[in-house]
Amino acid sequence: IGVIFLNDVLFAYIMKISVIGVGYVGLATAAVLAELGNDVIAADIDKKKIDSLNSGIMPIFEPGLKELVARNIREKRLRFTHDNKEVIRHGEIIFICVGTPPKENWETELKYVKNVAMEIAHNMDSYKVIVHKSTVPVETGDNVRKVIHDNIKKSVDFDVVSNPEFLREGSAIKDTLEPDRIVIGSGSQKAIGIMKKLYEPLKAPLIVTDMRSAEIIKHASNAFLATKISFINSVARICEMSGADVEKIAEGMGHDRRIGKEFLNAGIGYGGSCFPKDSQAFIKIAESYGYDYKLLKATNEINEEQKEHFFKKIKDALNNLNGKQIGILGMSFKPNTDDLRFAPSIYIINELQKEGAKIKAYDPEAMEKAKQVFNSIEYCKDPYEASKDADALIILTEWNEFRELDMEKIKKLMKRSLIIDGRNIYSPENMKKSGFHYISIGRQDVV
Ligand code: UDX
């Protein structure tokens with residue numbers, strides 16, 4: 001361990017770090033810890049992914065990631081390997097960042113975490129801090145410790161830490177470099193000391209706790225945010241029926257500091273790789289202790305209903321969908337990502353196609369991934385091509401470029417001037433001026 005001076009502002013202790021699993025979390029963690037000056041090796045069993053990374057090709061689209069990885073490879077602080085043995089021996093701290101996907105019944109699949117724990121047990125040859133960063137059910141840390149303890153080959157000491165990751169897709173690097181908080185859960189003062197030293201340069205609030213609380217902080221945070229979204233989507237439904245405006249309501253509520261402005265955007269429901277899976281997993285965790293998590297169940301139901309409700313709006317506006325030409329703007333589950341996992345677009349496009357609608361779609365980043373998800377879609381080079389001859393233009397993701405379209409041009413291209421906006425990106429006043437029939441969420445229709 002030494003001290004270096006980096007970027008004129010950061011003092012960092014150089015540590016040897018290993019990262020196992022190079023998905024969103026693993027890659028962002030590895031890149032940021034290397035940027036802080038540490039000596040990082042990251043491993044993944046996917047050999048193709050590792051080879052691509054070593055030649056500078058990123059497996060995901062994430063602002064700033066490519067440059068960060070390239071710089072740290074060049075400056076020899078970051079290396080990728082598919083040799084788990086090498087990676088386990090390297091680090092004083094080993095981050096487990098492998099996937100924890102949902103099983104069919106929404107319980108968390110922990111076999112990848114367990115496999116890594118076994119490999120660590122077999123290959124560890126000196127004291128290690130083993131950190132699990134992936135989102136896992138409470139008590140996973142204790143199970144990891146037991147697996148390692150029961151299978152350890154060489155008698156060396158180790159500690160287990162829970163250090164959940166809160167990064168958002170689309171701002172993964174920024175969130176990892178400037179986290180709102182860092183949670184460190186462990187029963188070992190030695191491990192806590194090492195983790196504190198590692199994160200010191202980030203100057204973020206540190207919450208030190210026991211391992212189980214740290215694990216629940218992650219699930220509870222995502223469950224709370226999902227609930228906030230379903231809450232405002234429910235209010236949006238009441239707005240539609242009562243003639244109120246959900247945007248104004250969110251503003252009026254958000255000024256109350258206890259509520260806060262963020263995550264009060266009504267829309268077509270949350271998607272992505274975290275909220276749907278983590279909220280369902282938390283319900284299952286509660287169930288395993290005998291608690292019926294009614295609030296979170298309702299959160300999920302409302303989220304499903306919101307997509308159905310939006311589809312009904314489209315159907316009502318067009319009467320019969322059979323043979324209708326629909327332009328879709330945005331397919332990723334949110335802007336600034338190419339990720340379609342659990343995206344509301346999947347339900348909506350599938351339902352439209354089931355009823356015989358013809359789809360032309362455009363997304364600034366998600367076109368390639370969309371091709372793996374949808375059949376029989378005509379992919380367009382820009383929003384204008386998607387609007388051509390359309391009976392309706394539907395906004396499913398709030399990409400910034402959709403806010404700045406030439407609406408006159410769109411109107412001329414479309415067969416009918418009907419926009420159905422699942423993300424409230426336009427003002428009803430402007431739509432009225434431009435002569436559109438405009439339908440959005442939690443606001444009155446412009447006819
Ligand atoms: C989320 C958490 O924010 C992050 O802390 C955690 O580690 C992983 O899960 P992410 O899945 O990248 O991150 O997406 P996020 O930006 O939080 O958005 C989740 C979903 O909620 C998106 O589908 C988004 O469209 C939706 N959303 C968000 C709304 O519908 N309304 C809002 O006001 C905010």
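These exercises, each with a worked solution, concern a predicted model.

**Exercise 1. Check the length of helix α9 and describe its two ends.**

Step 1. Helix α9 covers residues 211-242, which is 32 residues.

Step 2. The expected span is 1.5 Å times one less than the number of residues. For α9 this gives 46 Å.

Step 3. Compare with the model. The end C-alpha atoms of α9 lie 47 Å apart, which agrees with the expected span.

Step 4. Look at the start of α9. Here a side-chain oxygen of D210 comes to within 3.3 Å of the backbone nitrogen of R212.

Step 5. Look past the other end. G243 follows α9, and its phi is positive, near 85 degrees.

**Exercise 2. Classify the ring pair F263 and F275, then place it in the fold.**

Step 1. Start with the total. The model has eight aromatic pairs.

Step 2. Take the geometry of one pair. The ring centres of F263 and F275 are 6.1 Å apart, and the planes meet at 65 degrees.

Step 3. Apply the cut-offs. Centres must lie within 6.5 Å, and planes over 60 degrees apart count as edge-to-face. The F263 and F275 pair is therefore edge-to-face.

Step 4. Locate the partners. F263 sits in the loop between α10 (246-254) and α11 (275-288), while F275 belongs to helix α11. The pair thus ties together parts that are twelve residues apart in sequence.

Step 5. Assign burial. Buried means under 20% relative accessible area, and exposed means over 50%. F263, at 26%, is partly exposed. F275, at 12%, is buried.

Step 6. Extend the picture. Ring pairs join F263, Y270 and F275 into a cluster.

**Exercise 3. Describe the surroundings of the ligand.**

Step 1. Count the shell. The ligand is surrounded by 18 residues, and the closest are F166, E169, N265, G271 and K334.

Step 2. Ask which element gives the most to this shell. The answer is α9, with three residues.

Step 3. List polar contacts from the backbone. A polar backbone atom of F166 is 2.7 Å from an oxygen atom of the ligand. For L167, a backbone N or O atom lies 3.0 Å from a ligand oxygen atom.

Step 4. Add a side chain. A polar side-chain atom of R423 is 3.3 Å from an oxygen atom of the ligand.

Step 5. Work out the cover. On its own the ligand has 660 Å² of accessible area, and the protein covers 92% of this.

Step 6. Return to F166. R181 lies over the face of the F166 ring, 3.5 Å from the ring centre.

**Exercise 4. Find where a second charge sits over a ring.**

Step 1. Take K371 and Y379. K371 lies over the face of Y379.

Step 2. Read the distance. K371 is 5.5 Å from the ring centre of Y379. The cut-off is within 6 Å.

**Exercise 5. Place N319 and N336, two residues with positive phi, and assign their burial.**

Step 1. Take N319. Its phi is positive, about 60 degrees, although N319 is not a glycine.

Step 2. Locate N319. The loop between α12 (294-318) and β11 (325-329) holds this residue. With 66% relative accessibility, N319 is exposed.

Step 3. Take N336. This residue, also other than glycine, has a positive phi near 65 degrees.

Step 4. Locate N336. It lies in the loop between β11 and α13 (344-354). With a relative accessible area of 40%, N336 is partly exposed.

Step 5. Examine P335. This residue is in the loop between β11 and α13. P335 is buried, at 17%. Its C-alpha atom is 9.6 Å from that of A366, 31 residues away in sequence.

**Exercise 6. Is K277 buried or exposed, and what does its side chain contact?**

Step 1. Locate K277. The residue is in helix α11.

Step 2. Assign burial. The relative accessible area of K277 is 14%, so K277 is buried.

Step 3. Find the partner. A polar atom of the K277 side chain lies 3.0 Å from the backbone oxygen of T100.

**Exercise 7. Characterise N430.**

Step 1. Locate N430. Helix α18 (residues 428-433) contains this residue.

Step 2. Assign burial. N430 has a relative accessible area of 41% and is partly exposed.

Step 3. Compare sequence and space. N430 and V446 are 16 residues apart along the chain, and their C-alpha atoms are separated by 9.9 Å.

Note on methods: Residues are numbered from 1 along each chain as its sequence is written. This is a predicted model: local features need pLDDT of at least 70, side-chain atom pairs count only at pLDDT 80 or more; totals for chains, interfaces and linings use all residues. Side-chain values use heavy atoms; hydrogens and water are left out. Helices (H or I, at least four residues) and strands (E, at least two) are DSSP runs, numbered from the N terminus. A polar contact is a pair of N or O atoms within 3.5 Å; within protein, one must be able to donate a hydrogen and the other to accept it, and residues adjacent in sequence count only if both atoms are side-chain atoms. Rings of Phe, Tyr and Trp (its six-membered ring) pair if their centres lie within 6.5 Å; planes under 30 degrees apart count as stacked, over 60 as edge-to-face and the rest as tilted. Buried means under 20% relative accessible area, exposed over 50%, partly exposed in between (1.4 Å probe, protein chains only). A charge sits over a ring if NZ of Lys or CZ of Arg is within 6 Å of the ring centre and within 35 degrees of the ring normal. A residue is near a molecule or strand if one of its heavy atoms lies within 4 Å of it. Accessible areas come from the Shrake-Rupley method with a 1.4 Å probe; for residues, only the protein chains shown count as cover.
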